[in-house]
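Open the model in your viewer and keep the selection panel at hand. The stops below say what to select next and what is there.

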Amino acid sequence: PVWKPQMLSSGDVVKTIKSKLNLRKVGHCGTLDPFAEGILIVVSGTETARSDEYMSYIKTYQTIITLGTQTDTLDSTGTIIRSRPVLNEKYNQEFIENILSSFVGTINQRPPSFSAKKINGVRLYKLARKDVFIHLKPIEVIIEDIKFISFEDNQLSLEIKCQKGTYIRQLGYDIAKAMGTTGHLKSLIRTQIGSFSYENSINLKDIDNWNY
């Protein structure tokens with residue numbers, strides 16, 4: 001378990017570990033967006049055969065959704081492409097929690113245009129950067145729980161537990177839309193994968209001191 005810093009891709013983490021530790025076979029179990037930070041499970045050697053097992057673990061995220069503005073990437077790194085009013089007088093905790101409960105369980109989710117999902121061997125975000133947007137059919141994902149943390153100054157803070165294949169950026173946008181506005185993720189932290197958390201993970205910046 002490695003704690004990935006912000007503005008570094010999951011692939012960059014794998015390359016760093018592979019180079020520093022002189023390993024031949026290294027991979028990660030579940031992509032974490034470059035703008036996000038948090039737990040990334042990295043496997044090497046024969047342990048790569050257990051990748052599917054690790055990817056099946058429940059993931060926990062903490063996120064802040066900025067309501068009222070939508071970006072092309074659905075996160076804070078993108079360009080604002082749409083704005084809608086935020087109905088603050090309507091958004092009490094009971095209203096928000098009712099909306100959140102409608103997203104718990106098995107839901108249909110459309111993978112965002114800016115994602116690592118591949119089409120004919122090409123990742124969607126590479127196509128999107130060339131203004132080629134592929135709208136895929138919705139897929140079923142499982143949301144275990146969504147916990148309301150706070151709502152203040154158009155910032156909705158949540159804790160989300162979900163199974164593999166869930167795009168939190170898309171979920172944040174869909175929640176904002178269900179609330180009658182639009183939105184994008186201001187921040188995203190993957191705090192847990194199964195029993196792995198910050199407390200028992202290794203910080204990538206300390207790689208030179210790893211006892212390997």
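Select the hairpin of β11 and β12, which has 2 residues between the strands. Asp-153 in this hairpin takes a positive phi near 55°. Strand and helix names here follow DSSP runs numbered from the N terminus: helices are H or I with at least four residues, strands are E with at least two. This is a predicted model, in which local features need pLDDT of at least 70 and side-chain atom pairs count only at pLDDT 80 or more, while totals for chains, interfaces and linings use all residues. Residues are numbered from 1 along each chain as its sequence is written, and side-chain values use heavy atoms, with hydrogens and water left out.

**The strands around β11**

Keep β11 (139-152) and β12 (155-162) selected. The two strands run antiparallel and are joined by 8 bridges. Strands count as paired if DSSP finds at least two bridges between them. Pick Lys-147: its bridge partner in β12 is Glu-159.

Now add β8, residues 105-109. β8 also runs antiparallel to β11, with 5 bridges between them. Here Thr-106 has Ile-142 of β11 as its bridge partner.

Go back to β12 and select Ser-157. Is Ser-157 buried or exposed? Ser-157 counts as buried, at 12% relative accessibility. The classes are buried under 20% relative accessible area, exposed over 50% and partly exposed in between, with a 1.4 Å probe and protein chains only. Show what surrounds Ser-157, leaving out residues up to four places away in sequence: Thr-63, Ile-64, Lys-147, Phe-148, Ile-149 and Ser-150 touch it. Contact means heavy atoms within 4.5 Å.

**The largest core**

Next, select Ile-96, Ile-146, Leu-156, Ile-175 and Met-179. Within the largest nonpolar core, which has 38 residues, these five touch the most other members. A nonpolar core is a set of buried Ala, Val, Leu, Ile, Met, Phe, Trp, Tyr and Cys residues joined through side-chain atoms within 4.5 Å. Which elements each supply at least two residues of this core? Colour α1 (10-20), β5 (59-67), α3 (93-101), β11, β12, α5 (168-178) and β13 (183-193) to see them. The largest share, 5 residues, comes from β11.

Zoom in on Ile-96. Beyond its neighbours within four places in sequence, Ile-96 is in contact with Tyr-91, Phe-148, Phe-151, Leu-156 and Met-179. Apart from the largest core lies another, of 7 residues. Its members include Trp-3, Val-43, Tyr-54 and Ile-193.

**Helix α5**

Select α5. This helix is mostly covered, with 8 of its 11 residues buried. Those residues are Ile-168, Arg-169, Gln-170, Leu-171, Gly-172, Tyr-173, Ile-175 and Ala-176. Step just past α5 to Gly-180, where phi is positive at about 90°.

**Helix α1**

Move to α1 and turn it end-on. Its buried residues are Ser-10, Val-13, Val-14 and Ile-17. Seen down the helix axis, they fall within an arc of 95°, so they line one face of α1. The arc is that of the directions from the helix axis to the C-beta atoms. On the face turned away from this buried side, find the exposed residues Lys-15 and Ser-19.

What covers the buried residues of α1? The cover includes β1 (2-4), β2 (26-28), β3 (37-40) and β4 (42-44). After α1 comes Asn-22, with a positive phi near 55°.

Stay with β1 and β3. They pair in the antiparallel sense over 3 bridges. Trp-3 has Ile-39 of β3 as its bridge partner. β3 also pairs with β13, in the parallel sense, over 2 bridges. Glu-37 has Ile-189 of β13 as its bridge partner.

**Aromatic pairs**

Finish with the rings. The whole structure holds 4 aromatic pairs. Rings of Phe, Tyr and Trp (its six-membered ring) pair if their centres lie within 6.5 Å; planes under 30 degrees apart count as stacked, over 60 as edge-to-face and the rest as tilted.

Select Tyr-54 and Tyr-57. Their pair is edge-to-face, 5.7 Å centre to centre with 90° between the planes. Tyr-54 is buried at 9% relative accessibility, whereas Tyr-57 is partly exposed at 22%.

Then select Tyr-91 and Phe-95. Their ring centres are 5.6 Å apart and their planes are at 20°, so the pair is stacked. Both residues are buried. Add Phe-151 to complete the last view: ring pairs link Tyr-91, Phe-95 and Phe-151 into a cluster.
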